[in-house]
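The following paragraphs lead through a metal site, a ligand site and two individual residues. Please keep the sequence and the coordinates at hand while reading.

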Amino acid sequence: MHNRAAYMTSLKEMEIREIKVPTPTEDQVLIKLDYVGICGSDVHYYEHGKIGSFIVNGDFILGHECAGTVVEVGHSVKNLKVGDKVALEPGSTCGQCEYCKGGKYNLCPDVEFLATPPYDGCLMNYIVYPGNMAFKLPDHVSTKEGALVEPLAVGLHAATQGGVKLGDTVVVLGAGCIGLMTLLACKAFGAIEVIVVDVIEKRLEFAKKLGASFVINAKHEDIRSRVEELTGGRGVDIVFETAGSEFTIQQTPYLIRRGGSIVLVGFAPKDIIEYDFMQILMKEAEIKSVFRYRNLYPAAIGAIADGKIDVKGMITHEFNFEDSKKAFDFVIENKNDVVKALIKI
Ligand SMILES: NC(=O)c1ccc[n+]([C@@H]2O[C@H](COP(=O)([O-])OP(=O)(O)OC[C@H]3O[C@@H](n4cnc5c(N)ncnc54)[C@H](O)[C@@H]3O)[C@@H](O)[C@H]2O)c1
Ligand SMILES: [Zn+2]
Ligand SMILES: [Zn+2]
């Protein structure tokens, strides 16, 4: 066995280096990674070196959307055996704080999240990982699909926070990977009409292929009047903001019906944004938010295994591990074309 990792050495620079194969402790497993997805946050670190207060300091390994095969199992790990295919949930939490104990472990202040400084990511051949955060994939679910469980979990958490149920009508603002995963999640939860909004025609075509009932190109159409028209003036039950723009966040209160829900997912570049709270009050609307996900890997894997959600259609590009730098540069230069790029380790 020999191990290599792709290190980000400075902005937009990457280098593959030999590293040691790590040894699992008693509650860890050693995983041979097969696929790592490139996420918007990885690209942001690669291009800008930081996200908010998380700053890349020195050489850094990107990647947090991954799946592979178990090659060694620590003594006390009971849920996995050598040869199992697994998807790794990227956040390891303390298990002791009120959030962990209360089941909302995504809010643990001491989380160690892959590829979030100072914690390295998984763009490497072999990684050790806590056995209880490695989720077994059924035989007929590939590790390629396994690498997409992470962004799917965000979409599922969004739909859960929004309380989507059979018969609901929904607007998804933004048709990037997260918006499209939210679309898939809403459909799986029983939404009957999903309207997807973006400014890139190619992404809207993608949304239609994945089951959007209507699409709105916000470059050419007024979102508010088009949603009014499509819903007979009522508005939708739930609106998801996944575009992460000031403008789309500001649109949310106008798109929902009275008593409807708003789910904020996208991170806007600006922290403080002008917003029509009078609409919220007059409609007795609810605002929810999403920070990653919790307790959803089994459901995500089950939905893929059962055919309820097809994530394969989301993959637009694939690169070899040796071409990791090329892959990141390509994603930056072809933002409109790439929905999800994977690196095959
Ligand atoms: N809350 C969380 O836990 C969480 C998790 C993952 C990602 N995110 C955030 O979710 C957002 C989406 O992630 P992504 O990977 O899909 O990003 P992305 O950039 O691929 O997708 C954003 C989409 O929004 C569209 N958009 C931008 N401005 C718009 C406008 N004015 N009107 C309509 N559409 C517009 C873009 O064209 C793009 O297709 C990002 O802000 C990301 O940081 C949040
Ligand atoms: Zn991600
Ligand atoms: Zn905790």
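A polar contact is a pair of N or O atoms within 3.5 Å; within protein, one atom must be able to donate a hydrogen and the other to accept it, and residues adjacent in sequence count only if both atoms are side-chain atoms. The model is predicted: local features need pLDDT of at least 70, side-chain atom pairs count only at pLDDT 80 or more, and totals for chains, interfaces and linings use all residues. Residues are numbered from 1 along each chain as its sequence is written, chains are lettered from A and ligands numbered from 1 in the order in which they are written, and side-chain values use heavy atoms, with hydrogens and water left out.

With that criterion, consider T248, a residue of helix α8 (helices are DSSP runs of H or I with at least four residues, strands runs of E with at least two, numbered from the N terminus). The side chain of T248 forms a polar contact of 2.7 Å with the side chain of E241. Apart from neighbours within four places in sequence, T248 is in contact with L173, E241 and A243 (contact means heavy atoms within 4.5 Å). T248 has a relative accessible area of 9% and is therefore buried (under 20%; exposed is over 50%, partly exposed in between, with a 1.4 Å probe and protein chains only).

Helix α8 (246-255) also leads to ligand 1. There are 22 residues around ligand 1, of which I178, D198, F267, V290 and R292 come nearest (a residue is near if one of its heavy atoms lies within 4 Å). This shell comprises 13 nonpolar, six polar and three charged residues (Ala, Val, Leu, Ile, Met, Phe, Trp, Tyr, Cys and Pro are nonpolar, Asp, Glu, Lys and Arg charged, the others, Gly among them, polar). An oxygen atom of ligand 1 lies 3.0 Å from an N or O atom in the side chain of R203, and a nitrogen atom of the ligand lies 3.0 Å from a polar backbone atom of V265. Elements giving two or more residues to the shell are α5 (177-188) and α8 (246-255).

Ligand 2 is a zinc ion, whose protein donors are C39 (SG), H64 (NE2) and E65 (OE), at 2.2 to 2.5 Å (donors are N, O and S atoms within 2.8 Å of the metal, or 3.2 Å for Na, K and Ca; water is not among the atoms, so sites may look incomplete). C39, in the loop between β3 (28-38) and α1 (40-48), and E65, in strand β7 (residues 65-73), are 26 residues apart. Both C39 and E65 are buried.
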